[in-house]
Amino acid sequence: AAVPPAVAAASAPPHLLLICFPGQGHVNPMLRLAKRVAAKGLLVTFSSLASVGARLAAAAGVSAGGDGVPVGRGRVRFEFLEDGDPGPDLDDLMRHLETAGPPAFAALLRRQAEEDRPVACVVANNPFMPWASDVAAGEGIPTAVLWVQSCAVFSLYYHHVHGLVEFPPEDDPGARFKLPGLPEMSAADVPSFLLPSNPLKLHADAIIRQFRTIGRASWVLVNSFAELEADVLAALPGVTPRTPELITVGPLIELHQGQEDDAMRGDLIKAADDCVEWLDAQPPRSVVYASMGSVVVLSPGEVAEMAHGLASTGRPFLWVVRPDTQPHLPEGFLDSVSGRGAVVAWSPQERVLAHPSTACFLTHCGWNSTLETVAAGVPVVAFPQWGDQCPDARYLVEELGMGVRLRGARREAVREAVEAAVAGPRAGEMLANARRLSAAARAAVAPGGSSDAHVQAFVDEVARRSG
Ligand code: UDP
């Protein structure tokens, strides 16, 4: 018998719509959150800008619009904003978004209601789209924010924006400051956007601006886990009476309990999946994996030094050199390391980190890479450049004890740092720390773990409010 319309509407799953900044470090955690939430029974629409729509839909294997694909007990679908063409430069993109973003997003939200999929909740990953929650509020829709950096970095920004901390001068490395739940730090441990020397003023403004309104979000989800950042999580509620509660839902990773869940990937550059076969052919715990993420650009001189440094370790290495940087490789380098060294434009990073041949990760310490190496239990050579990479590096090396710091891309320094992380006197201890943290990370996202329980509670609350 036909279902009466009222019953059909009542049994439709709540609709959660994510709006994601089109950078790789945002797309990965947002898409993984989309899948987690959908698996628990929601209809999830993942949206971003038109400029990345075609690449994302192709990587995920899902076309935009329509009903999307089943994920666990729910579905994930894709839709992209009709926001015009921002141009390739990040500053241009941010200026473009200020004017084109809000009306395009409002239109997208209204379209959902018109097509009988009213949105119960928006998830925005604010930094560079701080208007998203205001647009949602204008449509009467509650917002959750996904904070894609650590709780420690959240605390640093929060204290700064509310005038609760003064960072020491950058030219005084010995000067220290202390925030509740965090170890003593110097200016070098502060996200570089907050320091006077920061050249990226638009970024800094956008990041800081979101903290003025973040208290309006109904939930602040964070890609971290309670066991990793217990002290700072305990200290945050006391910072001001209005400090939002951080709800840990991470690590947002694809590989669970050895099971690959990497259908619907978000790679904006096509990954060289065949490098996993290359890893299969290497001895256990032998390979140095090196990647600086999706945004950091090393100078031509640094690329050359890194090349010589990696080659001089005598170990097999897998190095991600994005296409724009490949011309800076020394002449004849690829031939000289052929067989022992592999260079790829983009790797399936989580699978590389989880591979038994991988011995250490030379990383820029973006927060996604940081959590992925924690989840995989792989020690690091930390080579941070800017933003939150500096506090993340300090955290990995000094607090978690799972790696060494590389300062400057000189070839001898690269070789020494890799040796220290793989075979030095403290290498065994670093590996043991990394493995212990890996077990804790996996337990947090396993059924009933702390982050899994937080995702379930969030889904239940969205369903309750929309019911
Ligand atoms: N990544 C990848 N293949 C690569 C390099 C990076 O899949 O060759 C992924 C990585 O797993 C992570 C993201 O890209 O999820 C980079 O995010 P992160 O926060 O580490 O750095 P960002 O690119 O934002 O600086």
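1. A small pairing detail makes a good way in: Val288 stands opposite Phe317 of strand 12. Keep in mind as you read on that this is a predicted model.

2. That residue pair belongs with a parallel pairing of two strands, strand 11 (residues 287-291) and strand 12 (residues 317-320), which are joined over 3 bridges. As a reminder, strands of a sheet pair through backbone hydrogen bonds, either parallel or antiparallel.

3. Now to the whole sheet. It is open and parallel, built from 6 strands in the order 13-12-11-14-15-16. At its edges lie strand 13 (341-344) and strand 16 (403-405), each of them pairing on one side only. On average, neighbouring strands here are turned by 15° against each other, with direction ignored.

4. A helix also packs on this sheet: helix 15 (residues 411-422) touches strand 11, strand 14 (358-363), strand 15 (380-382) and strand 16. The direction of helix 15 makes about 135° with that of strand 14.

5. You will probably want to look at the ligand next. Around the ligand there are 18 residues, and the closest are Gly25, Gly293, Ser294, Gly366 and Ser369. Two or more shell residues come from each of helix 2 (24-39), helix 12 (349-354) and helix 13 (367-376).

6. Which element gives the largest share of the shell around the ligand? That is helix 13, with 4 residues.

7. Finally, the make-up of this shell: 11 of its residues are polar, 5 are nonpolar and 2 are charged.

Technical notes. Residues numbered from 1 in each chain as written. Predicted model: local features only at pLDDT ≥ 70, side-chain atom pairs only at ≥ 80, totals over all residues. Near = placed C-beta within 6 Å. Nonpolar A, V, L, I, M, F, W, Y, C, P; charged D, E, K, R; others polar. Pairing = 2+ DSSP bridges. Axes fitted to C-alpha atoms, helices over the stretch in contact; angles between N-to-C directions. Contact = placed C-beta atoms within 7 Å.
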